[in-house]
Amino acid sequence: MIGKVLAGKAVVAKAVGGATIGTAIALGSMTSAFASDGQHITSTKASAHTEAATYTQAQAKAIALKNCGGTVQSVSFENNAYTFLIHGQDNQDHHVKVNAHSGKVVKVEKLSFSRSKAQAVALKKCGGTVKSVGFNDGVYTFLIHGKDSRDHHVKVNAQSGKVIQIQRAAFTKAQVQTIALKNCSGTIQSSSYANDVYTFLIHGKDNKDHHVKVNAKTGKVIKVEAVKFTQEQAKKVALQQHKGMIQSVSFSEQAYTFVIKGTDNVKRTVKISPQTGKVC
C-alpha cells in the first residue's frame with residue numbers, strides 16, 4: 001500500500017486552477033477512485049505491495065517532471081513503479097512511468113487524446129453531467145450522471161479515443177447515499193467510487209467519523225467502520241504541516257486528502273491516515 005511506502009512523508013503537489021491532482025493516493029484507493037462531486041479525484045491503484053520503495057512519490061514526481069514538463073494530473077503505483085499522467089507544456093497529456101527502486105524513467109508516452117478530448121467523446125456516448133474522472137493504465141474513466149437520472153461509468157482509451165466500456169449503475173449515487181445514512185446517521189463529509197462500490201465518510205451523531213461502503217449494483221451495505229481520527233482532527237495535523245487555508249478535502253480508506261493554499265500562495269496536497277492521525 002502506498003501509505004506504507006510513504007510513511008512519515010508529506011506528499012506535496014502543486015495545483016493549477018484550484019484542482020490539485022496527484023495524491024490520494026486519496027487521491028484514494030488506488031484502484032481508480034472517485035472523489036466527491038466538485039472534488040478532484042486522484043486515480044491511484046492500491047496494491048498489496050508492502051516493500052519499501054527507495055524513491056518516494058515526491059522524488060519520483062520530480063524525476064518525471066524533468067523528463068516531461070507540465071502539470072501532474074494523477075498518479076498511480078503498481079509493480080514497484082509510479083505512473084504519472086502529466087498535462088505537458090505542449091498541451092498534450094503524457095504517461096510517464098518511474099521505477100520506485102532505481103529512480104529511472106522506464107516509459108514516456110504521449111497520449112493521442114487529452115482528458116478534455118476523451119471527456120467530449122464520453123459525453124457523446126452518454127449525455128449528462130460529468131461528476132468525476134479517473135485515469136489508470138491508459139484509460140480515462142468518467143462518472144456521468146445521465147439524462148436518464150442514472151449514473152454511468154464510461155471508459156475511454158487515451159490512445160484511440162474509443163469508448164471501451166459503459167456501465168450503468170443500478171443505484172444512483174443519491175440513492176446509495178440514502179442507504180448509507182440509514183445505516184449510519186449523520187452528515188456526509190466526502191465520498192468516492194471504485195469497482196461498483198461507493199464509499200462514504202460520515203460524521204455520525206456519536207461525533208465520530210465512519211466509513212460506509214455500499215454496492216452500487218445491489219444497494220447492499222458491505223462495510224461500516226468507525227475511524228479513529230475524524231476529519232477535523234486530521235485537518236489540524238495537515239495544517240501543522242503547511243500553514244494556510246483548506247481548499248478541498250477527499251477521503252479514502254488510506255487517507256484524508258487535503259488541498260491547502262499556503263501562506264506563500266502555493267497549493268499543496270497533504271494526506272493524513274484516518275487510523276493513525278499521521279502524515280502518510
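How many aromatic pairs does a search of the whole structure find? The search finds four. The structure is a predicted model, and the report below goes through its sheets, helices and some single residues.

## The sheet S1 to S4

Strands S1, S2, S3 and S4 make up an open sheet, arranged in that order and paired in the antiparallel sense. At its edges stand S1 (70–78) and S4 (105–110), each of which pairs on one side only. Between neighbouring strands of this sheet the average turn is 20°, with direction ignored.

Inside the sheet, S2 (residues 81–88) and S3 (residues 93–99) run antiparallel and are joined by seven bridges. Ala81 is found opposite Asn99 in S3. Helix H2 (residues 57–67) packs on the sheet and touches S1, S2, S3 and S4. The direction of H2 makes about 45° with that of S2.

## The sheet S5 to S8

Another open sheet is formed by four strands in the order S5-S6-S7-S8, with antiparallel pairing. Its edge strands are S5 (128–136) and S8; each has a single partner strand, so one side of each has no neighbour in the sheet. The twist from one strand to the next averages 20°.

Strand S6 (residues 139–146) is linked to strand S7 (residues 151–157) by seven bridges, and the two run antiparallel. Thr141 has Lys155 of S7 opposite. Helix H3 (residues 115–125) lies across S5, S6, S7 and S8, at about 45° to S6.

## The loop around Ala170

Strand S8 (163–168) is followed by a loop that leads to helix H4 (173–183), and Ala170 lies in this loop. Ala170 has a relative accessible area of 38%, so this residue counts as partly exposed.

Leaving aside residues up to four places away in sequence, Ala170 touches Arg150, Gln175, Ala216 and Lys217. Arg150 is 20 residues from Ala170 along the chain, while their C-alpha atoms are 7.7 Å apart.

## The hairpin of S9 and S10

Strand S9 (residues 186–194) pairs with strand S10 (residues 197–204) over eight bridges in the antiparallel sense. The two strands form a hairpin with two residues between them, and Asn195 in the turn has a positive phi of about 50°. The bridge partner of Ser192 in S10 is Thr199.

Ser191 is also placed in S9. With a relative accessible area of 4%, under the 20% cut-off, Ser191 is buried. The side chain of Ser191 makes a polar contact of 2.9 Å with that of Lys173.

## An aromatic pair

Among the four aromatic pairs of the whole structure is that of Tyr198 and Phe200. Their ring centres are 6.2 Å apart and their planes stand at 20°, so this pair is stacked. Tyr198 and Phe200 are both buried.

## Helix H5

Which residues of helix H5 (residues 231–241) are buried? They are Gln231, Ala234 and Ala238. These residues cover an arc of only 60° around the axis, so they lie on the same side of H5. An α-helix has 3.6 residues a turn, so residues three or four places apart point the same way.

The buried residues of H5 pack against S9, S10, S11 (209–215), S13 (244–251), S14 (256–262) and S15 (267–272). On the face turned away from the buried side, H5 carries the exposed residues Lys236 and Gln240.

Technical notes: Residues numbered from 1 in each chain as written. Predicted model: local features only at pLDDT ≥ 70, side-chain atom pairs only at ≥ 80, totals over all residues. Heavy atoms only, no water. Pairing = 2+ DSSP bridges. Buried < 20%, exposed > 50% of the residue type's maximum accessible area, 1.4 Å probe, protein only. Contact = heavy atoms within 4.5 Å. Phe/Tyr/Trp six-rings, centres within 6.5 Å; stacked < 30°, edge-to-face > 60°. Axes fitted to C-alpha atoms, helices over the stretch in contact; angles between N-to-C directions. Polar contact = N/O pair within 3.5 Å; in protein donor to acceptor, adjacent residues only side chain to side chain. Arc of directions from axis to C-beta.
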